[in-house]
Amino acid sequence: MGVLQRFEQRLEHAVSSVFARAFRSAVQPVEIAAAITREIDHSTQVLSRERTLVPNAFTVELSDTDFERLSPYGSTLSVELDRMVHAHVREQRYTLAGPVAIDFHKRDDLPTGRFLVTGRANAAVTPASGASPTDTAVGRAPVVIEVNGERHPVTEAGLVLGRGDEADLRINDPGISRRHAEIQIHSEDGRMTVSVVDLGSTNGTSVDGRRVQQALLHDGARIVLGTTTVVVRDPHRKGP
């Protein structure tokens, strides 16, 4: 029995027949499940002979009508979709980029019965302290970096990025080394420069599309480590 059949059976046992009636003329849950598995299969990234990375964060866009019909069963459907993703990943021997997240959104230009699924690799990010940075810490920092939509301060002491416990900011991306790269801040004659240094990583470091061993960084620079993009920001700059 395949993962989609098991998904349907579990869902039938989890909710009443009202669920099926609600979706009779609209989006069927198994259609969403099938679309997510296709997104996984079509978005593989080969890291090595033993590891193939796949998306772990999915956005399901629905019409207004379908979204409203789905809402009462959203938590149950999300749990079953999460289980289905993990089962599919195990069967195909894929590697998830991080914890599975499935979000549902309305999209005004979609007709009833139509939906869109997009997936992305979204690694979990954890400061060495274990606590999320405060707005005060971010505002006082000379430089901040954005990782998966969250801002993290970089102090004058610098910041080591990596997958291991010894990193200052741990990024749970299988393509990132335990100590992958360091962001450094230097001040001389009142002028501050920011740079990134690769720490001998396995898969290398890129800045603005160019692989580097060391590079100066500007506001808006995009550092790619594994499949994760780190954006450099000046917290004191006004405007976009």
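## Exercises on a predicted model

Histidine 180 is buried, with a relative accessible area of 0%; buried means under 20% relative accessible area, exposed over 50%, and partly exposed in between (1.4 Å probe, protein chains only). The model is predicted: local features need pLDDT of at least 70, side-chain atom pairs count only at pLDDT 80 or more, and totals for chains, interfaces and linings use all residues. Residues are numbered from 1 along each chain as its sequence is written, and side-chain values use heavy atoms, with hydrogens and water left out.

**Exercise 1.** Place histidine 180 in the chain and describe its surroundings.

*Solution.*
Step 1. Histidine 180 belongs to the loop between β11 (169-171) and β12 (181-188). Helices (H or I, at least four residues) and strands (E, at least two) are DSSP runs, numbered from the N terminus.

Step 2. Its side chain makes a polar contact with the side chain of serine 201 (3.2 Å). A polar contact is a pair of N or O atoms within 3.5 Å; within protein, one must be able to donate a hydrogen and the other to accept it, and residues adjacent in sequence count only if both atoms are side-chain atoms. A polar atom of the histidine 180 side chain also lies 3.0 Å from the backbone nitrogen of serine 177.

Step 3. Leaving aside neighbours within four places in sequence, the residues in contact (heavy atoms within 4.5 Å) with histidine 180 include Leu161, Val197, Asp198 and Leu225.

**Exercise 2.** Work out the strand order of the three-strand sheet and find the helices that lie across its strands.

*Solution.*
Step 1. The order is β5-β3-β6, in an open sheet with mixed pairing. Two strands pair if DSSP finds at least two bridges between them.

Step 2. β5 (101-106) and β6 (115-120) are the edge strands, each pairing on one side only.

Step 3. β3 (residues 57-62) and β5 pair in the parallel sense over six bridges, and leucine 62 stands opposite lysine 106 in β5.

Step 4. Helix α3 (residues 29-42) lies across β3, β5 and β6, at about 35° to β6. Helix α5 (residues 74-92) lies across β3 and β5, at about 135° to β5. Axes are lines fitted to C-alpha atoms, for helices over the stretch in contact, and angles run from 0 to 180 degrees between N-to-C directions.

**Exercise 3.** Which strands stand at the edges of the six-strand sheet?

*Solution.*
Step 1. The antiparallel open sheet has the order β9-β8-β18-β17-β14-β15.

Step 2. β9 (150-154) and β15 (210-212) stand at the edges with a single partner strand each, so one side of each has no neighbour in the sheet.

Step 3. β14 (residues 205-207) and β15 pair in the antiparallel sense over three bridges; valine 207 stands opposite arginine 210 in β15.
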